[in-house]
Amino acid sequence: MKQFKPQHFTAWAEIPVRDLDRGVAFYAAVTGGILEKVEMGGDPVAYFVTEETTQNVSANLFVGEPGDGNSGPTIFLAIPDRIEDALDRVWQTGGRIASDVIEIPPGRVAYANDPDGNRFGLFEAI
């Protein structure tokens with residue numbers, strides 16, 4: 001089998017939230033990003049808008065049962081500023097900070113939980 005080296009290894013990510021509007025408000029406030037509500041497969045979702053219009057590597061929120069905040073995969077979301085500022089926004093908008101800031105070779109990360117309890121990560125590129 002030929003080695004597979006895609007431009008982005010994550011094709012798509014989905015985050016379950018109980019209330020789509022509340023989820024959109026939370027993730028938009030924390031990341032500074034834009035989420036657009038659409039219908040996919042007959043269900044309402046909100047996807048993170050990216051600059052890339054072809055082969056869009058992104059994520060969406062959907063109405064579903066959130067994780068327990070301690071297990072399963074973790075999605076890391078890019079932020080436009082210092083990770084401490086993003087963590088402050090997590091706290092201010094009803095989320096919970098779940099770790100200290102961690103230095104890694106390409107930047108800085110931290111773990112948090114959204115208001116529904118989903119664990120996610122924040123990534124600040126250096």
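This is a short talk on the fold, the surface and one helix of the structure shown above.

Hi everyone, thanks for coming. One thing before I start: what you see is a predicted model, so please keep that in mind as we go.

Let's begin with the overall fold. The protein has two helices and nine strands. Reading from the N terminus, the order is β-α-β-β-β-β-α-β-β-β-β. In space, the C-alpha atoms occupy a box of roughly 40 × 35 × 30 Å along the principal axes. How does the radius of gyration agree with that of a compact globule? For 126 residues, such a globule would come out near 14 Å, and the protein has 15 Å, which agrees.

Now for the contacts. If we take those with a sequence separation of 6 or more, 54% of them link residues 24 or more positions apart. As for burial, 35% of the 126 residues count as buried.

On to the surface. The protein exposes about 7,800 Å², and carbon and sulfur atoms supply 54% of that area. For those of you who think about electrostatics, there are 10 positive and 19 negative charges, and their mean positions lie 5 Å apart.

Next, my main example, helix H2, which spans residues 83-92. Which of its residues are buried? They are Ile83, Ala86, Leu87, Arg89 and Val90. These residues cover an arc of only 155° around the axis, so they sit on the same side of H2. It helps to recall the geometry here: an α-helix has 3.6 residues a turn, so residues three or four places apart point the same way.

What does that buried side pack against? The partners of the buried H2 residues are helix H1 (20-31) and three strands: E6 (96-97), E8 (107-113) and E9 (119-125). On the face turned away from the buried side, we find the exposed residues Trp91 and Gln92. And just after H2, Gly94 adopts a positive phi of about 100°.

Let me finish with a residue from another element. Glu39 belongs to strand E2, residues 35-40. Is Glu39 buried or exposed? Its relative accessible area is 61%, and the cut-off for exposed is over 50%, so Glu39 counts as exposed. If you'd like a distance to check on your own screen, try Glu39 to Ile79: they are 40 residues apart in sequence, and their C-alpha atoms are 26 Å apart in space.

That's all from me. Thanks for listening, and I'm happy to take questions!

Conventions:
Residues numbered from 1 in each chain as written. Predicted model: local features only at pLDDT ≥ 70, side-chain atom pairs only at ≥ 80, totals over all residues. Heavy atoms only, no water. Helix = DSSP H or I, 4+ residues; strand = E, 2+ residues; numbered from the N terminus. Rg over C-alpha atoms; globule rule 2.2 N^0.38 Å. Buried < 20%, exposed > 50% of the residue type's maximum accessible area, 1.4 Å probe, protein only. Contact = heavy atoms within 4.5 Å. Areas by Shrake-Rupley, 256 points an atom, 1.4 Å probe, with all protein chains shown as cover. Lys, Arg positive; Asp, Glu negative; His and termini not counted. Charge placed at Lys NZ, Arg CZ, Asp CG, Glu CD. Arc of directions from axis to C-beta.
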